[in-house]
Amino acid sequence: MTSVNLCEFCNKPFEVLRTRKRFCSASCSASWKWEHNPPRRLSFPRLGVMLTQQKTKIFDKIAAAGDEGISSRELLGVSSGSLGILSKRLKTHIHAINELLEETDYVIKSDGIGQPYKLQLRDPKPEPSGRRAKLIQMSRQWIATHQA
Ligand SMILES: [Zn+2]
């Protein structure tokens, strides 16, 4: 004995399961929940890129520090004694922020260990040359001819 219900999200008929009575699929269930109960806003736009709350905090502090930059200790708000593990975590965050900023003209840089972090204009990428340039050109052509 199977019974059929209309999905409350997409209105399609679906076979009722013991574990799923109101929605035809997990994605409809998730979509319905999203619409009726949107999760707390956890992303913030910076330079046109969405950052999580924690990354936004880090980004804002570095951006506010300007040309002087800001040290790991100041960023983390800890005394130098307890820096170790935290500054590793910070590095991971900054690396992730930089990956997100890749499409922008900005990058977070530090001149070395113990040096302050700064938000800087990215150096223009050197034009690829030789074999690499040829490969890039070939892949662009391939993409152009394979895109409908
Ligand atoms: Zn559905």
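The following exercises, each with a worked solution, concern a predicted model of one chain.

**Exercise 1. Confidence and domains**

Determine the mean pLDDT of the chain, and state which elements have the lowest and the highest mean pLDDT.

Solution. The mean pLDDT of the chain is 85. Of its residues, 91% reach 70 or more. Turning to the elements, helix 5 (residues 130-146) has the lowest mean pLDDT, at 81. The highest belongs to strand 5 (residues 106-110), at 94. As a rule of reading, predicted coordinates should not be read in detail where pLDDT is low.

The chain is divided into two parts: domain 1 spans 4-36 and domain 2 spans 43-121. The C-alpha centres of domain 1 and domain 2 are 42 Å apart.

**Exercise 2. The hairpin of strand 3 and strand 4**

Describe how strand 3 pairs with strand 4, and classify Leu 47 as buried, partly exposed or exposed.

Solution. Begin with the pairing: strand 3 (residues 43-46) and strand 4 (residues 49-52) run antiparallel and are joined by four bridges. One of the pairs consists of Arg 46 and its bridge partner Val 49 in strand 4. Two residues lie between the strands of this hairpin.

Next, consider the loop between strand 3 and strand 4, where Leu 47 lies. Leu 47 has a positive phi of about 55° although it is not a glycine. Most residues other than glycine have a negative phi.

Finally, count neighbours. Leu 47 has 14 other C-beta atoms within 10 Å. The limits are 12 or fewer for exposed and 20 or more for buried, so Leu 47 is partly exposed.

**Exercise 3. The hairpin of strand 5 and strand 6**

State how many bridges join strand 5 to strand 6, and which residue in the turn has a positive phi.

Solution. Strand 5 and strand 6 (residues 117-121) pair in the antiparallel sense over five bridges. Ser 110 has Tyr 117 in strand 6 as its bridge partner. The hairpin has six residues between its strands. In the turn, Gly 112 has a positive phi of about 155°.

**Exercise 4. Packing of helix 2 and helix 4**

Classify the relative orientation of helix 2 and helix 4, and identify the residues that meet.

Solution. Two packed helices are described by the angle between their axes and the distance between the axes. For helix 2 (residues 53-65) and helix 4 (residues 84-100), the angle is about 90° and the axes are 10 Å apart. Angles of 65 to 115 degrees count as roughly perpendicular, and helix 2 and helix 4 are therefore assigned to that class.

The contact involves Gln 54, Lys 55, Ile 58 and Phe 59 in helix 2. These residues meet His 93, Ile 94, Ala 96 and Ile 97 in helix 4.

**Exercise 5. Asn 11 and Thr 2**

Locate Asn 11 and Thr 2, and decide whether each is buried or exposed.

Solution. Asn 11 lies in the loop between strand 1 (4-6) and strand 2 (13-15). Asn 11 has a positive phi of about 70° although it is not a glycine. Because it has 9 C-beta neighbours inside 10 Å, Asn 11 counts as exposed. The C-alpha atoms of Asn 11 and Cys 28 are 9.9 Å apart, with 17 residues separating them along the chain.

Thr 2 is found in the segment before strand 1. Thr 2 has 6 other C-beta atoms within 10 Å and is therefore exposed. Thr 2 and Glu 15 are 13 residues apart along the chain, and 6.6 Å separates their C-alpha atoms.

Definitions and conventions. Residues are numbered from 1 along each chain as its sequence is written. This is a predicted model: local features need pLDDT of at least 70, side-chain atom pairs count only at pLDDT 80 or more; totals for chains, interfaces and linings use all residues. Domain bounds come from an automatic or database domain assignment. Two strands pair if DSSP finds at least two bridges between them. pLDDT is the predictor's confidence in each residue, from 0 to 100. Axes are lines fitted to C-alpha atoms, for helices over the stretch in contact, and angles run from 0 to 180 degrees between N-to-C directions. Angles under 35 degrees count as roughly parallel, over 145 as roughly antiparallel, 65 to 115 as roughly perpendicular and the rest as oblique. Two residues are in contact if their C-beta atoms, placed from the backbone, lie within 7 Å.
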